[in-house]
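The following note was prepared for a reader who is new to protein structure. Please keep the sequence and the model in view while reading the numbered points.

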Amino acid sequence: MKSCKGIENPAFVSSSPDTPRRVCASSPSIDISVLPTPAAGSPPPPAPQEPLEPPQLSGVPGASELESLSEYEEGPCGWGSFQPRALQRCNTPGGFLFHYCLLALTQGIVVNGLVNISISTIEKRYELQSSLTGLISSSYDIAFCLLSLFVSFIGERGHKPRWLAFASFMLGLGALVFSLPKFFSGKYQFGSLYEDTCLTAKNKGSCSTSSSPLFYYLYVFILGQLFLGTGGTPLYTLGTAFIDDSVPIHKSSLYIGIGYAMSILGPAVGYVLGGQLLTLYIDVDLKHSIDITEDDPRWLGAWWIGFLISWLLAWSLIIPFSCFPKHLPGTAKIQEGKVSQTHQSASLQATDGNFGQSFKDFPAALKNLMRNTVFMCLVLSTCSEALITTGFATFLPKFIENQFGLSSSSAATLAGTVLIPGAALGQILGGVLVSKFKMMCKNIMKFALLTSVISLVLTFVFAYANCENEPFAGVSESYNGTGELGNLTAPCNAHCNCLRSYYYPVCGGNGVQYFSPCYAGCTQSVSKIHPKVYYNCSCIEGEIHITPTPSSVSLEAQAGKCSSQCKNLPPFLGVFFAAIVFTFMAGTPITVSILRCVNQRQRSLALGIQCTLLRLLGTIPGPIIFGSTIDSTCILWDINECGNKGACWIYNNVRMAYMLVAISVICKIITVFFNGLAVFLYKPPPSVTDVAFQNQNAVLTAVSLECDLNKAGNDG
């Protein structure tokens with residue numbers, strides 16, 4: 001009997017763990033000895049079997065995708081034939097990441113920092129209602145949603161660094177346009193000072209419904225926000241995909257986490273910069289010729305300077321991004337060594353190498369991604385997280401201010417101290433841990449699920465952070481036994497003609513808080529002392545009418561809220577900081593999971609879909625839902641001279657805390673559910689080793705059958 005030669009099994013070829021595995025395996029070569037001629041009269045042996053081709057597996061790139069490696073047009077850094085040697089030092093993933101971080105920082109400074117801190121000043125200067133300034137804030141998200149899908153689809157095959165140069169141009173243009181109303185609206189006229197004490201026949205407001213001519217600058221602000229939204233679109237879709245292209249798979253999460261962390265630090269820089277600039281008078285050339293200070297309610301700061309700085313910073317990045325090549329050196333080699341982790345059901349017309357180059361493929365590509373259940377679960381989980389984070393970013397200062405009796409500035413500072421470092425630390429930690437342990441797609445999703453569960457548990461801190469409302473005259477406390485609860489006017493201040501639209505709280509010597517010095521019945525004050533003190537207050541129990549002097553130590557009321565007796569602030573900030581860290585620790589891993597579970601050709605479009613749904617289901621409705629929920633806990637509204645309801649002055653603290661717990665827990669449960677569902681549904685493609693074993697089993701079966709037939713023929 002002729003023996004059959006052994007078969008070389010490539011699955012057992014030794015390799016270094018650091019050597020990247022190819023994206024597809026070649027068919028094993030089979031060496032079979034030539035069969036002898038059968039004896040006369042014996043039946044002819046069967047025809048030799050052709051080597052079996054390996055099955056084409058869903059999620060494992062085929063020949064067409066190997067050919068696509070030639071699409072990675074690597075090149076030097078420069079413009080045409082002008083390629084200075086000094087620029088080549090920046091032609092690396094680290095060099096690109098540095099400029100990407102600067103652009104993300106600039107975008108965060110303008111969109112989430114300067115715009116937010118300038119809104120109240122813009123309201124006063126251009127006489128806009130809060131609903132209209134809310135439209136200004138939403139214009140960025142509107143532009144982002146309208147353009148995100150198209151930009152991400154068209155830019156996937158395009159020159160991504162040049163798209164980021166375009167993003168730099170649009171961000172700078174948006175910042176410039178946003179500042180233009182300052183230069184065309186003339187000098188600010190601050191008018192006469194409002195008297196905050198009890199003065200008969202004073203402070204009678206008039207009801208006016210006519211719109212100001214400054215109203216039309218609203219459209220300039222909206223246009224600036226639309227430009228900013230246009231510039232922000234390529235940043236988080238094409239920019240993220242370019243980083244993922246340019247670095248090895250185990251380093252991608254680290255680079256993306258650093259970039260996202262810089263986008264989170266941007267608002268912190270914007271708030272600090274904007275806050276410092278608001279200490280300058282709006283018309284800086286008139287600062288030395290005016291007689292009002294920052295403590296005066298008529299003061300308006302120089303909100304526009306920060307936008308001019310951001311304009312210059314954004315446009316300074318156009319040249320660096322325009323000099324980067326379409327792909328960084330080494331990209332093709334990195335792509336060749338990557339192992340596909342695409343979800344198995346995420347089939348795509350990958351056999352067509354031209355798919356995605358024409359806009360007519362857009363509906364098919366969109367449909368393909370929407371049918372990827374793992375991808376959609378990850379996107380929906382990020383939407384519920386975005387709803388919470390944007391809601392708290394907007395209203396956490398208000399929560400701290402009302403629960404713990406702090407001033408607006410102190411509450412905003414504490415909120416920023418917790419939110420910004422916690423979010424940045426979480427993004428970086430998530431990226432570092434995924435990179436350090438070289439997690440594959442399913443393990444990355446499990447890691448995100450674990451952090452989501454931990455943040456869900458920590459969310460219950462709001463239930464224990466509630467503090468009872470301090471005594472408030474006319475709301476929770478009567479005026480020395482007179483007046484009615486829910487009515488700020490009482491016999492002791494009925495003659496003062498106080499305005500309910502002017503909220504300037506004071507704390508009485510009796511520990512009761514009053515809506516304003518006027519409602520406390522105070523007729524005299526000393527402004528040289530800080531905080532400002534008031535005397536001869538008819539509504540404060542046990543008042544002593546005196547003639548005040550700057551050196552007087554006896555007082556009846558002082559400006560500001562009464563000190564809260566609640567001691568829960570330090571533990572609340574500590575636990576909430578941990579909740580923010582674990583919440584954002586899942587951000588980078590989920591982004592990396594999205595990049596892994598979809599087809600290589602559709603990563604940018606997948607990020608575009610994520611950003612669009614993130615805004616439609618998360619960042620846009622988030623502040624609206626949180627705002628409506630907090631307003632439902634209001635117990636004292638601002639009623640102006642026309643009888644229209646304005647802002648809320650006093651909230652029910654306990655009810656507010658429990659309502660925020662309810663929203664947070666519901667959204668966190670949704671996040672955990674979809675993260676868990678993604679882990680359950682994810683089906684990784686068979687590994688190269690699995691393919692080799694399947695092929696070897698098929699070949700061994702065929703060869704064994706051939707040997708048996710040969711033996712039977714010889715025996716015959």
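The points below take up the disulfides, two unpaired cysteines, a sheet, two helix pairs and a loop residue.

1. The status of the model should be stated at the outset: it is a predicted model. The values in this note are therefore to be read as properties of a prediction.

2. A disulfide is a covalent bond between the sulfur atoms of two cysteines. The structure holds seven disulfides, and three of them, including the link of C507 and C562, are described here. In that link the two sulfur atoms lie 2.0 Å apart. The angle about the S-S bond is 105°, and the link of C507 and C562 is right-handed.

3. Which parts of the chain does the pair of C507 and C562 link? C507 belongs to strand β1 (residues 506-508), whereas C562 sits in the loop between β5 (557-559) and α17 (569-585). The two cysteines are 55 residues apart, and the pair links distant parts of the chain. C507 has a relative accessibility of 14%; because this is under 20%, C507 counts as buried. C562 is likewise buried, with a relative accessible area of 5%.

4. A second disulfide connects C522 and C537, with an S to S distance of 1.9 Å. The torsion about this S-S bond is about 100°, so the disulfide of C522 and C537 is right-handed. Because C522 lies in strand β3 (residues 522-526) and C537 in strand β4 (residues 533-537), the pair ties together parts that are 15 residues apart in sequence. C522 and C537 are both buried.

5. A third disulfide joins C634 and C648, whose sulfur atoms are 2.0 Å apart. With 100° about the S-S bond, the link of C634 and C648 is also right-handed. C634 is part of strand β6 (residues 634-639) and C648 is part of strand β7 (residues 645-651), so the disulfide ties together parts that are 14 residues apart in sequence. C634 is buried at 14% relative accessibility, and C648 is buried at 10%.

6. Two other cysteines deserve a remark. C77 is in no disulfide. The nearest cysteine sulfur to that of C77 belongs to C323 and is 3.0 Å away; a disulfide requires sulfur atoms within 2.5 Å. C77 is buried, with a relative accessible area of 0%. Why is the sulfur of C90 without a bond to the closest cysteine sulfur? That sulfur, in C77, is 6.5 Å from the sulfur of C90, which is too far for a bond. C90 has a relative accessibility of 30% and counts as partly exposed.

7. Strands β1, β3, β4 and β5, met above, belong to an open sheet of five strands in the order β2-β1-β5-β4-β3. The pairing in this sheet is antiparallel. At the edges stand β2 (513-514) and β3; each has a single partner strand, so one side of each is left without a neighbour in the sheet. The antiparallel pairing of β3 with β4 runs over four bridges. S525 stands opposite Y534 in β4.

8. Two packed helices are described by the angle between their axes and the distance between the axes. For helix α4 (residues 160-179) and helix α7 (residues 238-246), the angle is about 145° and the axes are 9 Å apart. The crossing of α4 and α7 is left-handed. In this contact K160, P161, W163 and L164 of α4 meet L238, G239, A241, F242 and D245 of α7. Classed by type, the residues in the contact are six nonpolar, one polar and two charged.

9. Another helix pair is formed by α2 (residues 93-125) and α8, which pack at an angle of about 35° with their axes 6 Å apart. The crossing of α2 and α8 is right-handed. The contact of α2 with α8 has 17 nonpolar and eleven polar residues, and no charged residues.

10. Finally, is V284 in the loop between α8 and α9 buried or partly exposed? At 38% relative accessibility, V284 counts as partly exposed. The loop in question lies between α8 (252-277) and α9 (305-315). The C-alpha atom of V284 is separated by 7.2 Å from that of A302, which is 18 residues apart from V284 along the chain. Not counting residues up to four places away in sequence, V284 touches A302, W304 and I305.

Definitions and conventions
Residues numbered from 1 in each chain as written. Predicted model: local features only at pLDDT ≥ 70, side-chain atom pairs only at ≥ 80, totals over all residues. Heavy atoms only, no water. Axes fitted to C-alpha atoms, helices over the stretch in contact; angles between N-to-C directions. Left-handed = near helix turned anticlockwise from the far one by under 90°. Contact = heavy atoms within 4.5 Å. Nonpolar A, V, L, I, M, F, W, Y, C, P; charged D, E, K, R; others polar. Buried < 20%, exposed > 50% of the residue type's maximum accessible area, 1.4 Å probe, protein only. Pairing = 2+ DSSP bridges.
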